[in-house]
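Here are my notes for your reading of this structure, set out as numbered points. Please keep the sequence and the model open beside them as you go.

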Amino acid sequence: MNVTKKVLSAVSVFVLALCQISCSGQNEYDVYLLLGQSNMAGRGTMLPEDTLNVIDGVWLLDADGCPEPAKAPLNKWSTIRKDLKMQQIGPGNSFAENIAKVAGRKVLLAVNARGGSALEEWMPGNEEYGYFDEAVSRARQAMKYGDIKAVLWHQGESNSGRAETYLDSLAVFVSALRNALGDDTLPFIAGEVGSWTYNADAFNAELSRIAEVIPYSGCVTSEGCSMLKDESDPHFSRDGQILLGRRYAEKVLEIEKENDL
């Protein structure tokens, strides 16, 4: 074995050892799975300090499937993301900060979002994109360290023109995801698209009915969440993302309380 191979082998062993140490406590974390398209991936403006400041009490599932202290961008270890430079502030940042304050336990985020993705690309059996399989794979990695408490979903900008069929398709996706993860009561929280985006009124009105179609689910409003640039851009601003994340946390806690989960 040459020197390069020896170094690489030693590094691999070291990384594995660190992973085993950091992940040694089974059921040590409350796990949340964050999925969707660009707003979940994070497009709100990221400040330089965001990449340095760790979110207190929160960990992020890394590329090796181990918890690391969470700091922005949270979608950096996504197996399906676009360029790293595009990943900035999403709702996961303030969600995690707020949920950790009341959890009383360590919080682990598994974030696997893809900008521009349509719901059809997330459906089970779609081998061309494989987003469903990747979500399940990352979720199962995270489940080694704790139970998944909820799925946060922000997707719809790519489907807003087909609002009338969205919930039926989403119900198929959620049922398949719950089945794959072995939890038919896993809370599923969806977020509205920005009020200024194409067909937002019809789409958000339909999404607000999610609890009628999908059990153990809820919807968070995007009302008052500001835009990143202008009405041609579907992305939320930094402040809009922070507000949305707080609402995700409130809704998760509400559903857990209502259903004694």
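1. A residue is called buried when its relative accessible area is under 20%, exposed when that area is over 50%, and partly exposed in between. By this cut-off Cys 225 is buried, since its relative accessible area is 5%, and Cys 219 is buried as well, with a value of 15%. Please bear in mind throughout that the model is a predicted one.

2. How many disulfides does a search of the whole structure find? The search finds 0, and the two cysteines just named show how such a result can be reasoned out. A disulfide needs two cysteine sulfur atoms within 2.5 Å, whereas the cysteine sulfur closest to that of Cys 219 belongs to Cys 225 and lies 11 Å away, which is too far for a bond. Looked at from the other side, the sulfur of Cys 225 has that of Cys 219 as its closest cysteine sulfur, again at 11 Å and too far for a bond.

3. Cys 219 also belongs to strand 7, which covers residues 217-220. In this strand Ser 217 and Cys 219 point one way, while Gly 218 and Val 220 point the other way, and all of them are buried. Strand 7 runs parallel to strand 6 (residues 188-191), and 4 bridges join the two. To find the pairing in the model, look for Ile 189, which stands opposite Gly 218 of strand 7.

4. Salt bridges are present, and a search of the whole structure finds 8 of them. One of these is formed by the side chains of Lys 106 and Glu 28, with a distance of 2.4 Å from N to O. Lys 106 lies in strand 4 (residues 106-113), and Glu 28 in the loop between helix 1 (3-22) and strand 1 (29-36), so this pair ties together parts of the chain that are 78 residues apart in sequence. Both partners count as partly exposed, Lys 106 at 29% relative accessibility and Glu 28 at 27%.

5. Another salt bridge joins the side chains of Arg 238 and Asp 50, at 2.6 Å from N to O. This pair links distant parts of the chain, 188 residues apart, with Arg 238 in helix 9 (residues 238-259) and Asp 50 in the loop between helix 2 (38-41) and strand 2 (58-61). Here the partners fall into separate classes, because Arg 238 is partly exposed at 21%, whereas Asp 50 counts as buried at 12% relative accessibility.

6. The side chains of Arg 209 and Glu 206 also meet in a salt bridge, at 2.8 Å from N to O. Arg 209 is partly exposed, with a relative accessible area of 31%, while Glu 206 counts as buried at 19%. Together with Glu 212, these residues are linked in a network of salt bridges.

7. Which residues lie nearest the centre of the largest pocket? They are Asn 93, Ser 94, Glu 97, Arg 238 and Ile 242, out of 15 that line it, and Arg 238 is the residue that meets Asp 50 in a salt bridge. The space in this pocket is about 250 Å³. Helix 3 (91-103) and helix 9 each supply at least two lining residues, and helix 3 gives the most, with 5. Sorted by class, the lining has 5 nonpolar, 4 polar and 6 charged residues.

Key:
Residues numbered from 1 in each chain as written. Predicted model: local features only at pLDDT ≥ 70, side-chain atom pairs only at ≥ 80, totals over all residues. Heavy atoms only, no water. Buried < 20%, exposed > 50% of the residue type's maximum accessible area, 1.4 Å probe, protein only. Pairing = 2+ DSSP bridges. Salt bridge = Lys/Arg side-chain N within 4 Å of Asp/Glu carboxyl O. 1 Å grid on protein atoms, 1.4 Å probe; cavity = no way out; pocket = protein on both sides within 12 Å on 5 of 7 lines; lining within 4 Å. Points joined across faces, edges and corners; volume = space filled by probe spheres on them. Nonpolar A, V, L, I, M, F, W, Y, C, P; charged D, E, K, R; others polar.
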